[in-house]
2 protein chains.
Amino acid sequence: MKMEAKLIITSMLVSLVMNVGTPMIQAQDLKSWNNTETKSAIVDFVERVTTDGGAEFVRPEERIAVFDNDGTLWSEKPFYFQLAFAFDRIKELAPKNPQWQDKPILKAAIDGDLKTVLAGGEHALIEIVMATHAGITTTEFEDVVKRWINTAKHPTTGLRYQEMVFQPMLELMQYLRKHQFETWIVSGGGIEFMRPWSKRVYGVPPQQVVGSSIKVKYEVRDGIPSLIRLPELDFIDDKAGKPVGIHKFIGRRPIAAFGNSDGDLEMLQWTTSGDGARFGLIVHHTDNEREFAYDRDSSVGRLDKALTEAAENGWTVVDMKKDWSTVFKKK
Amino acid sequence: MKMEAKLIITSMLVSLVMNVGTPMIQAQDLKSWNNTETKSAIVDFVERVTTDGGAEFVRPEERIAVFDNDGTLWSEKPFYFQLAFAFDRIKELAPKNPQWQDKPILKAAIDGDLKTVLAGGEHALIEIVMATHAGITTTEFEDVVKRWINTAKHPTTGLRYQEMVFQPMLELMQYLRKHQFETWIVSGGGIEFMRPWSKRVYGVPPQQVVGSSIKVKYEVRDGIPSLIRLPELDFIDDKAGKPVGIHKFIGRRPIAAFGNSDGDLEMLQWTTSGDGARFGLIVHHTDNEREFAYDRDSSVGRLDKALTEAAENGWTVVDMKKDWSTVFKKK
């Protein structure tokens, strides 16, 4: 083989293996982010922790990034999408469960009386989840979720819920994965409500999803090993539960956390108080035209304490209106 | 560039990307496995599920393999190594906890009276774990485990515990990972007892370790976010708890499971009863010269029901004496 050809082969192999000469941020990265300080802060952090030999270099195996789901990766208005799922499901199951008519909260849910349900607070939501998410095997529940997510539509936008995923956040997760981050979802929502579609929609496999859960029991039914979902709470992955969930499932402290509400405050504190370079980011819903605008006074997705602490702790705050050129997922 | 050089470049790139022409089993794979039926069964399974276009092909993302730890990846005699850790720790902490002298089980542990401790059954073990594993932060506990695992030695072999890892099983995990399996540990032992060294010793990162756990609480102490370990059981990852733990942490059913005792029975049932190609394997401790020989009558690591079911379900049984040319990790 000629010398010239050998050199060409060598340089091709080297660039394949070493990624030599690739700029850290490329034209196709973070395309839906406007060129604001927010985008610069993200890129700056990623460059600092991935520059080999740099003072703040972090080994790939320690590059854990955690993302809240509701309000951070997709919308959460007029109420959490999982609640819409529960409402649809309770109507479907009601004919076979006449006893629910005697329970005020379940009856309200069947009748679509949102006001009564929301007035019942967390207790009411748990009652509805128990009625609609338990009593079947994990495999059956997965099928129910898949069917729903592929068909159900949002009441005001008319979009399918899975189309109300934020394009800039998808790009951000891809950008991080390209730089050898593991991207995890850490959500107050149900873990088994997200896992059936997290890979397809977010590129996040089920084993990188952390969420709230009900108990599950192993049973051999008619000779067939099954996992049965029980009407009993197992774990609430919200507020102070988020660092606990992170520790339980991941076993190491993330170096970057992305949230949007006070439910993410403790996750942001825990992530950003570790040693070395850390990154905290809050999605602030400021765009009432393209999405929804809300913060300190909202009952769903309230952002109050965490917004105050963001300023104190140097967390990056996304101004959706200003920072994002596109909001929803591109088709 | 000449045609010849172009062809060479193309074929090099193709072989890099496609792994074309690489035999499925190579000379350096599974070196400590003798050429018996057991080795053939492993290789045959891996070839079937990784042959693209084959009837039993499994996509890489579904290639989950789960391994029990005690007795499967390392020894467990004369008693679980974590219990040795607890004994060492209780002696260390005893001077500062004079009240333990009034508790018969804790006093026995401090005095090294193994007989009394073991006679107390599971309840006694839990009491000792609560006393020795709780009350400190997760970070502090991690340091304690690391210090112990690097120094403590086994009472009869004189080896450090981390040297009593099975070489053939290390090779098996490497062989599976080379074929794009994710290798998970699913152990009855404490999750936080394994995570600090699982990557270094087994090549398994902390986020792929499932185990028993105590509860943890998030707290900001003197302005510092901390996770405090509480003296309260959270989850027992043993027997019927193993499929539950697998579902909770991984969220999909493994296609291969490796165990050694009745504590792994349900994990093997759950794994091998799924659709498509499945593999179940039991390590049978038959070698009293190089390790320890025990099965149906052993109090630690009893293998009775699972050995009977292995024959019925077509699980592969490793005969350590016959199938392994080396037992412990090579230095």
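1. Two strands pair if DSSP finds at least two bridges between them. Strand S5 (residues 256-259) and strand S6 (residues 279-284) of chain A are joined by 4 bridges and run parallel. One of the contacts to look for is at A:Ala256, whose bridge partner in S6(A) is A:Phe279. Bear in mind throughout that this is a predicted model.

2. Next, the whole sheet of chain A. It is an open sheet of 7 strands, in the order S4-S3-S2-S1-S5-S6-S7, with mixed pairing. Its edge strands are S4 (224-235) and S7 (316-319), and each of them pairs on one side only. Direction ignored, neighbouring strands of this sheet are turned by 30° against each other on average.

3. Chain B also has an open sheet. Its 7 strands follow the order S4-S3-S2-S1-S5-S6-S7, and the pairing is mixed. Why do S4 and S7 of chain B each have one side without a neighbour in the sheet? Strand S4 (224-235) and strand S7 (316-319) stand at the edges with a single partner strand each, so one side of each is left free of a neighbour in the sheet. On average, the turn between neighbouring strands here is 30°, direction ignored.

4. Look inside that sheet at S2 (residues 182-190) and S3 (residues 209-221) of chain B. These strands pair in the parallel sense over 3 bridges. B:Ile185 has B:Val209 in S3(B) as its bridge partner.

5. How are the two chains related? Two copies of a chain are related by a rotation about an axis and a shift along it. Here, a turn of 180° and a shift of 0.0 Å along the axis lay chain B on chain A with an RMSD of 0.0 Å. That is the relation of a two-fold axis. The contact uses the same surface on both copies: 98% of the contact residues of chain B recur in chain A.

6. Which residue of chain B comes closest to the rotation axis? B:Phe249 does, with its C-alpha at 3.3 Å. B:Phe249 also takes part in a helix contact between the chains: B:His247, B:Lys248 and B:Phe249 in H10(B) meet A:Ile191, A:Glu192 and A:Arg195 in H9(A). By class, this contact has 2 nonpolar, 1 polar and 3 charged residues.

7. The geometry of that helix pair is worth checking on screen. Helix H9 (residues 191-202) of chain A and helix H10 (residues 241-249) of chain B have axes that come within 10 Å and cross at roughly 65°. H10(B) also lies across two strands of chain A, S3 (209-221) and S4. The helix runs at about 150° to S3(A).

8. Each chain has a cis peptide bond to inspect. In chain A the bond joins A:Lys77 and A:Pro78, with omega about 0°. A:Pro78 sits in the loop between strand S1 (64-67) and helix H3 (81-93). In chain B a cis bond joins B:Lys77 and B:Pro78, again with omega about 0°. B:Pro78 is in the loop between strand S1 (64-67) and helix H3 (81-93) of chain B.

9. Two residues other than glycine have a positive phi. A:Leu30 has phi near 50° and lies in the loop between helix H1 (3-18) and helix H2 (37-50) of chain A. Is A:Leu30 buried or exposed? A:Leu30 is buried, because its relative accessible area is 1% and buried means under 20%. B:Lys239 also has phi near 50°. B:Lys239 is found in the loop between S4 and H10 of chain B. At 46% relative accessibility, B:Lys239 is partly exposed.

Key. Residues are numbered from 1 along each chain as its sequence is written. Chains are lettered from A and ligands numbered from 1 in the order in which they are written. This is a predicted model: local features need pLDDT of at least 70, side-chain atom pairs count only at pLDDT 80 or more; totals for chains, interfaces and linings use all residues. Side-chain values use heavy atoms; hydrogens and water are left out. Copies are superposed by least squares on the C-alpha atoms of residues with pLDDT of at least 70 in both. Contact means heavy atoms within 4.5 Å. Axes are lines fitted to C-alpha atoms, for helices over the stretch in contact, and angles run from 0 to 180 degrees between N-to-C directions. Ala, Val, Leu, Ile, Met, Phe, Trp, Tyr, Cys and Pro count as nonpolar, Asp, Glu, Lys and Arg as charged, and the others, Gly among them, as polar. Buried means under 20% relative accessible area, exposed over 50%, partly exposed in between (1.4 Å probe, protein chains only).
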